Amino acid sequence: MKKTLTFATLGALAVAGGAGQAVARDQVRIVGSSTVYPFATVVAERFGKDSKFKTPVIESTGSGGGLKLFCAGLGVKTPDITNASRRIKKSEYTKCTKNGIKIAEFKVGYDGIVMANSKKSGRISLSRKDIFLALAKLVPEGNKAGGKLVANPNRTWKDVNPNLPAVAIKVLGPPPTSGTRDAFNELAMEGGCKKFPELKAIKKQNKKKYRAICRGVREDGAWVEAGENDNLIVQKLEADPNALGVFGFSFLDQNRDKVQGSVVDGVEPTFANISSQKYPVSRSLFFYVKKNHVGQIPGIQEYVQAFMNRRAIGKRGYLIDKGLIPLPTAEMKKYIDAGKSLPDLKM
């Protein structure tokens, strides 16, 4: 296997001698989602071993951080590809296009977002309403519909729901730059918020206020930002059996000897339940290609075709063993075909 260069080495390669003139890189540079990172790394390592191209350099920056770097401009100092555990936002797309960047979009597969805890403790079963009441910045007084909004007073899971244990609420999760955090806020937090009719009704009146209420996470220590390293969250859960952690299904799948996924709305986070979309907290995984760099940096399109290949993302592909949930056949074919033509993304 070819060794992956560090970004320091790559930066040195981008400057030629004392003249300080930029020269083309000879390696694909990839940034973005911590959830897509392990899948992309496996593809990159196989690509470096089996092709004439060097192994791509990959950095886990979070989806938001990756898109910020990706959309900053063109040239050898900017990434060629960014991974994302959510779709690119309209504002990010606009920034990219304003900077002259042409984008191709690829959907990799599906992933579930899990709330997991140490196997030293019992498995917990939560509703999305429980999750909202545990982690929201503002909640209805008395946790009841119609109550005025107050700063979240719930200290234990039993405060949220009398059927839950009297254990302090402590959830380790990713920062705001993470696509996992975005998706968790939208699918779990907002999903629970909608269970209160008066909060759901705010969306029609004031979308900004609605988002602030339904996706606003408390800042009093119950939610602990644990960085973009999902493996570190798993380690912290082992050290604290009372804590819960938020990360992608693939990390649960890889660490089933250490942690267990919580049941959400009566559904376990399993491969089958996420694939059938029965599990309520699931999302699509993507990567975005800077088309302007194709032909300038060697190996970009070849890497895309290695990733968008049934051998990788198919129902019996090698990424399925790593926890990736495959796309439906027709959608998979669409993106495999797109790997050959790199169609422009239009939003």
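# A tour from helix H12 outward

Select phenylalanine 249 to begin: its relative accessibility is 1%, so this residue counts as buried. The model you have open is predicted. Phenylalanine 249 sits in helix H12.

Now display what surrounds this side chain. Setting aside neighbours within four places in sequence, phenylalanine 249 is in contact with Asp111, Gly112 and Val114. The list continues with Arg256, Pro269, Thr270, Phe271 and Ile274. Gly323 and Ile325 complete the set.

Add leucine 324 to the selection. Its C-alpha atom is 8.3 Å from that of phenylalanine 249. Along the chain, the two residues are 75 residues apart.

**Next stop: the loop after H12**

Move to asparagine 255. This residue belongs to the loop between helix H12 (249-254) and strand E13 (259-261). Is asparagine 255 buried or exposed? Its relative accessible area is 8%, and the cut-off for buried is under 20%, so asparagine 255 is buried. Show Asn231 and Val234 as well: asparagine 255 touches both, not counting residues up to four places away in sequence.

**Two positive phi angles**

Go on to aspartate 265. You will find it in the loop between strand E14 (263-264) and helix H13 (271-275). Check the backbone here. Phi is near 50°, a positive value in a residue other than glycine. How accessible is aspartate 265? Its relative accessibility is 31%, which falls between the 20% and 50% limits, so aspartate 265 counts as partly exposed.

Jump to leucine 342, in the segment after helix H16 (329-341). Phi of leucine 342 is also positive, near 50°, and this residue too is not a glycine. Leucine 342 has a relative accessibility of 5%, so it counts as buried.

**Strand E15 and its partners**

Select residues 282-290, which form strand E15. How many of its nine residues are buried? The count is nine of nine, and the strand is mostly covered.

Keep E15 on screen and bring in strand E5, residues 81-84. E5 and E15 pair in the antiparallel sense, over four bridges. For a landmark, pick alanine 84: it stands opposite phenylalanine 286 in E15.

Then show strand E6, residues 103-118. E6 and E15 run antiparallel, and nine bridges join them. Here, label isoleucine 103 and lysine 290: lysine 290, in E15, is the bridge partner of isoleucine 103.

While the strands are in view, follow the side chains. In a regular strand they alternate between the two faces of the sheet.

**Zoom out**

Now show the whole protein. Its secondary structure comprises 16 helices and 15 strands. The radius of gyration is 21 Å, close to the 20 Å that the globule rule gives for 347 residues, so the protein is as compact as a globular protein of that length. Turn the view to the principal axes: the C-alpha atoms fill a box of roughly 65 × 45 × 45 Å.

Colour by burial. Of the 347 residues, 54% are buried. Switch to a contact map. Among contacts with a separation of 6 or more, 72% come from residues 24 or more positions apart.

Draw the surface last. The exposed area is about 15,400 Å², and carbon and sulfur atoms supply 51% of it. Then colour the charges: there are 57 positive and 31 negative side chains. The centres of the two sets lie 4 Å apart.

Key
Residues numbered from 1 in each chain as written. Predicted model: local features only at pLDDT ≥ 70, side-chain atom pairs only at ≥ 80, totals over all residues. Heavy atoms only, no water. Buried < 20%, exposed > 50% of the residue type's maximum accessible area, 1.4 Å probe, protein only. Pairing = 2+ DSSP bridges. Rg over C-alpha atoms; globule rule 2.2 N^0.38 Å. Contact = heavy atoms within 4.5 Å. Areas by Shrake-Rupley, 256 points an atom, 1.4 Å probe, with all protein chains shown as cover. Lys, Arg positive; Asp, Glu negative; His and termini not counted. Charge placed at Lys NZ, Arg CZ, Asp CG, Glu CD.
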